[in-house]
Each structure stands twice: as structure tokens, then as C-alpha cells.
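Visitor: Please take a close look at one part of this structure and describe how its side chains are placed and paired. A connected account that also follows the contacts elsewhere in the chain would be welcome.

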Amino acid sequence: MGSVASAAVPPPPHSAPPQVGAPPYGPGLAGILPPRSEGEEKKEEKVDYLNLPCPVPFEEIQREALMSLKPELFEGLRFDFTKPLNQKFSLSHSVFMGSLEVPAQASETIKVPTAHYEFGANFLDPKLMLIGRVMTDGRLNARVKCDLTDNLTLKVNAQLTQEAHYSQGMFNFDYKGSDYRAQFQIGNNAFYGANYIQSVTPNLSMGTEMFWLGHQRKSGIGFASRYNTDKMVGTLQVASTGIVALSYVQKISEKVSLASDFMYNHMSRDVTASFGYDYLLRQCRLRGKIDSNGVVSAYLEERLNMGVNFLLSAEIDHCKKNYKFGFGMTVGE
């Protein structure tokens, strides 16, 4: 019987020897996907921390969000004209007619009609920039940017007025390293400040700042971080003054970007959030936002011709019954 049974059962098929390196659970995705070379795996994992990119300046950590959420809105009529005299020197003329908001205890905003003319002179050089503005009300604004060395830059901002204790001046010394930036500030009213930002990874940078205001005996310290890729930018800022600020910008395409921010003030218990967009067309740029207070705003820049732009600005605040509308034109680069 045993011989008959053994003859009836066919011999087991000859199995191929297992392949070296095959997974014990079967081929699965490993047998479908092409094998990855060792060079590619090492290339993805290896990060050269001694050759990180230089981060953006500390004060410009939210520049992408500010460009979309806080355009230069205005109310009334605005006309700007710039006349270049040569490759480095140019003159500018600006006329503004609108209204000035006066603080009031009531919820409604009080507006006073105003108008002024501004004359400016500009000197632009790769290593030196001089900008001056004089207004009809007696105010004088001046800006200086000078590259002392390849890594050290001096910036001066000054504003002189006829009113007492309203004139301001600030000196900034900016140092740019290979993967970090540092800044030291000196201003009137015994103001001293410093900030430092360092690249931690190719996409992440972190920094800190501190200031001292001698006349008011106030000081503060803050921390910030920024994470950016080719498609998004996210920032976080925390200060000892009670401010917590977050921003996020998502690049949908080459022409469309969406932005949002959130700000919390621990001292006043005030919370504000906003959402905005930035749309680039062939001949114009449209920016707008809406915030948690119900304020809706939009800003349009239309390019009519080479060096000629038409501006439209609008802001609506139904809660405070404050409505702003402005249009203008800029001529000259």
C-alpha cells in the first residue's frame, strides 16, 4: 500500500533557490518599484551643515506675508512722478489729496481733509543709496544705506519735524555671514537693539532679538523661526511684550499666492486673523484680504504703459463705518 500511495503522488516540483536580498514576506512593492541605488539614498539623507544658505534679515522674516496682506492702502488722490537725470541720480514729485483720521472715543472715525506736496531726491549706487523727502508741512525724511565692506552695511533713517519730541533717528549696523545675519541698532530716546538669525537646516532658520528703551525704562526679548520651501513660507514670532504672531504663505502657481496670519496680544487680550491673496496678471497685480474684524480691502496696480501705472485702493470696515477709496498714478520707474 505504501508503495502504491507513493507512486500515485507526483514528486514535489523543484523549487528555485531564494534570491539573495529578497524580502521574507514576498516581493510586494519591492518587486514592482525599481531598485534605488545607494548613491541616491545617501544624496537625499546627507545635509552639509557647514554650507547652509544665508537667511533673510530678521526684520524681513514675514516679508512674503506682508506683501500680500498689507499693501500700501490710501484714501483720496495720489500722483507720483519720478524723473531720472542720469543713471544714478533722480528727482521725484508726489501730490496727495485725501483725509486724515483723528482718534476719537466713539466707535466712528473722524476724518479731516488734508493735502500735501512732497519733493524728493534719490542717489542710487551699488554701494551707496541716498534718499531724501521734504513735505510742505515741514517734515524731512532721509534714508542712507552704505556698504562699508562686503559683509557690513550701515543704514540710517531720520525724520525731522517742527513739533517738539517728534523727530526720530536710527542707526543700523547689519552684518551678513555665510549662514547667519546680525544687526545692532542705536536710536534716539536711548534706544538700543540687537537681533541675530541663524540657518539651522537648508529650510529652517531661527533667531532672537532684544531691545532697551532708556527713557521709558522698558526692555524686551523675542524669538522667531522661519521655514520656507519653493512652495510655502511659514513663520512664528514670540515676544516678551505679549505678542504672538504666525504667518503662512502658500504659492499656488507662478502667479497666485495665498497668505494668512494670526496675532495674539496677551496684554490687551486682542486676537486678529486675516486671509489674503496675491494675483499677478500680465499687465496688473491684484492683492486683497479679509480679517476677523470684518475689514475687507483690495489693492490694484495696473500697468498702462512702460513706466506708467494706475492704482486703485479700497477698504471697507462696516463695524466702524469707515470706508476708504483711493486712486492714483505713478509715472517713471
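Guide: One contact between a charge and a ring may serve as the starting point: in this predicted model, Arg78 is placed over the face of Phe74, 5.3 Å from the centre of the ring. The part chosen for the close look is strand E9, which spans residues 191–199.

The two faces of E9 come first. In a regular strand, side chains alternate between the two faces of the sheet. Strand E9 shows this alternation: Phe191, Gly193, Asn195, Ile197 and Ser199 point to one face and are buried. Tyr192, Ala194, Tyr196 and Gln198 point to the other face and are not buried. Two neighbours at the start of the strand illustrate the contrast. Phe191 has a relative accessibility of 17% and therefore counts as buried, since the limit for that class is under 20%. Tyr192, at 41% relative accessibility, counts as partly exposed.

The strands beside E9 come next. E8 and E9 run antiparallel and are joined by eight bridges; within this pairing, Gln183 has Asn195 of E9 as its bridge partner. The hairpin of E8 and E9 has three residues between the strands, and in it Asn189 adopts a positive phi near 60 degrees. E9 is also joined to E10, by nine bridges and again in an antiparallel arrangement. Here the bridge partner of Tyr196 is Thr208 in E10. A hairpin with four residues between the strands is formed by E9 and E10.

The aromatic side chains of this part deserve separate attention. A pair of aromatic rings is described by the distance of the centres and the angle of the planes. The structure holds three aromatic pairs. For Phe191 and Phe211, the ring centres are 6.4 Å apart and the planes stand at 20 degrees, so this pair is stacked. Because Phe191 belongs to strand E9 and Phe211 to strand E10 (residues 204–213), the pair ties together parts that are 20 residues apart in sequence. Whereas Phe191 is buried, Phe211 is partly exposed, with a relative accessible area of 32%. Ring pairs also link Tyr175, Tyr180 and Tyr196 into a cluster, and Tyr196 is among the side chains on the face of E9 that is not buried.

Tyr192 leads to the nonpolar surface. With its 41% relative accessibility, Tyr192 satisfies the requirement of over 30% for a patch member. Together with Leu148, Phe171, Phe173, Phe184, Ile186 and Trp212, Tyr192 makes a nonpolar surface patch of about 620 Å². Strand E7 (168–176) and strand E8 (180–187) each supply at least two residues of this patch.

Charged contacts elsewhere in the chain complete the account. There are 16 salt bridges. One of them joins the side chains of Glu101 and Lys324, with an N to O distance of 2.7 Å. Glu101 in strand E2 (residues 89–102) and Lys324 in strand E19 (residues 322–331) are 223 residues apart, and the pair links distant parts of the chain. Both counts of accessibility fall in the intermediate class: Glu101 is partly exposed at 34%, and Lys324 is partly exposed at 23%.

Lys127 and Asp150 form a further salt bridge, whose closest N and O atoms are 4.0 Å apart. Lys127 lies in the loop between strands E3 (110–124) and E4 (128–135), and Asp150 in the loop between strands E5 (140–147) and E6 (152–160), so the bridge ties together parts 23 residues apart in sequence. Lys127 is partly exposed at 47% relative accessibility, whereas Asp150 is exposed at 71%.

Arg287 and Glu301 likewise form a salt bridge, with 2.7 Å between the closest N and O atoms. Since Arg287 is in strand E16 (residues 284–291) and Glu301 in strand E17 (residues 295–305), the pair ties together parts 14 residues apart in sequence. Arg287 is buried, with a relative accessible area of 7%, while Glu301 counts as partly exposed at 25%. Finally, Glu60, Arg63, Glu64 and Arg226 are linked in a network of salt bridges.

Key. Residues numbered from 1 in each chain as written. Predicted model: local features only at pLDDT ≥ 70, side-chain atom pairs only at ≥ 80, totals over all residues. Heavy atoms only, no water. Buried < 20%, exposed > 50% of the residue type's maximum accessible area, 1.4 Å probe, protein only. Patch = residues over 30% accessible without salt bridge, like charges linked within 9 Å, V, L, I, M, F, W, Y side chains within 5 Å. Areas by Shrake-Rupley, 256 points an atom, 1.4 Å probe, with all protein chains shown as cover. Phe/Tyr/Trp six-rings, centres within 6.5 Å; stacked < 30°, edge-to-face > 60°. Lys NZ or Arg CZ within 6 Å of the ring centre and 35° of its normal. Pairing = 2+ DSSP bridges.
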